[in-house]
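Here is a short briefing on a protein model. Look over the sequence and the fold before reading the points below.

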Amino acid sequence: MYPIERVEPLNAEVARMVVRAPEIARKIKPGQFIMLRIDERGERIPLTMNECDPEAGTVTIVFQAVGATTMRLAQLKAGDALLDFAGPLGNPTELEGARRACVIGGGLGTAIAYPQAKWLHEHGCEVDVITGFRNKDLILLEDEINACSARQIIMTDDGSNGNKGLVTQALQQRIDEGADYDLVLAVGPVIMMKFVAATTRPYGIKTLVSMNPLMIDGTGMCGGCRVKVGDEYLHACVDGPDFDGHLVDYDDAMRRGVMYRSFESAAREAAEGRDCNGGADGERKGA
């Protein structure tokens, strides 16, 4: 069992959870993820590390309660425990050697992009961080990112923070202003990463995108997390989760991403019904 040490809301939709997992905390690096299971009846879901503290033996995850499992996860409190918390899985993000980078986060992807920005900052890289949210009430980790970036630009769809627009618009503006990026890292919705890659392609800027397709086992056996990269299919869990943003087939990834939407809706409705009746929650794919 893995004790939960702290749970706190970051906004109305997103929570941060600190889990005691000393062996993972000593090894996990930015970009890697864990697979967790709440109890014996629960499904496995992947969540990328937001932060770790090797001395305290803790790993921090950030999640949005949108699926059956994450809805259950959001109900847990400090003192509760997770049955399984396996990792580190996947490959660390290749960040070595970057001298001038732009890290881009879309919505919840900001929490995944934060450890990369922090690592780059701590290793002497000048880092710009561009994040995008639907509105100002959903902005995540503003203070944390401010502490590890040379420049932070926050865009909102509705302009409620005074800065309306898309992350790609901010990226293009920085490039036009002469930002000499040798690395751009994008984490967020597939459509956002697609257009980030389209923005950097004409300039030949190395661009990495973090793919988070459906995963079942997280070890490459199930094949559910296939991502088409160039002329081949790779597995996000063992070959990624980061890939060359100029080679990923985003349209294929978006098609695969909605395959189990109806199953998840049914699982979520069942979970809500069981919770209302005080019963246990059953799990299906796609949390």
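Which residue in strand 4 is the bridge partner of Met35? It is Pro46. This contact belongs to a predicted model. The points below cover the sheet first, then the salt bridges.

**The sheet**

- An open sheet is built from 7 strands. Their order is 6-1-2-5-4-3-7, and the pairing is antiparallel.
- Strand 6 (81-82) and strand 7 (84-89) are the edge strands. Each of them pairs on one side only.
- Strand 3 covers residues 33-37 and strand 4 covers residues 45-53. The two pair in the antiparallel sense over 4 bridges.
- Met35 and Pro46 are bridge partners, with Pro46 in strand 4.
- Helix 3 (residues 109-122) packs on the sheet. The helix touches strand 4 and strand 5 (58-64). The direction of helix 3 makes about 35 degrees with that of strand 4.

**Salt bridges: the count and one pair**

- The whole structure holds 16 salt bridges.
- Side chains of opposite charge can pair when their charged atoms come close.
- Glu8 and Arg6 form one salt bridge through their side chains, at 3.8 Å from N to O.
- Glu8 is partly exposed, with a relative accessible area of 25%. Arg6 is also partly exposed, at 44%.

**Arg100 and Glu126**

- The side chains of Arg100 and Glu126 meet in a salt bridge at 3.7 Å, N to O.
- Arg100 sits in strand 8 (residues 100-106) and Glu126 in strand 9 (residues 126-133), so the pair ties together parts that are 26 residues apart in sequence.
- Arg100 is buried, because its relative accessible area of 9% falls under the 20% cut-off.
- Glu126 is partly exposed, with a relative accessible area of 39%.

**Arg174 and Glu177**

- A salt bridge joins the side chains of Arg174 and Glu177, with an N to O distance of 2.6 Å.
- Arg174 is buried, with a relative accessible area of 9%.
- Glu177 is partly exposed, with a relative accessible area of 48%.

**The network**

- Which residues are joined into one network by salt bridges that share partners? They are Arg100, Glu126, Asp128, Arg151, Arg174 and Glu177.
- Both the Arg100 and Glu126 pair and the Arg174 and Glu177 pair have their residues in this network.
- Among the network's members, Arg100 is buried and Arg174 is buried, whereas Glu126 is partly exposed and Glu177 is partly exposed.

Terms used. Residues numbered from 1 in each chain as written. Predicted model: local features only at pLDDT ≥ 70, side-chain atom pairs only at ≥ 80, totals over all residues. Heavy atoms only, no water. Pairing = 2+ DSSP bridges. Contact = heavy atoms within 4.5 Å. Axes fitted to C-alpha atoms, helices over the stretch in contact; angles between N-to-C directions. Salt bridge = Lys/Arg side-chain N within 4 Å of Asp/Glu carboxyl O. Buried < 20%, exposed > 50% of the residue type's maximum accessible area, 1.4 Å probe, protein only.
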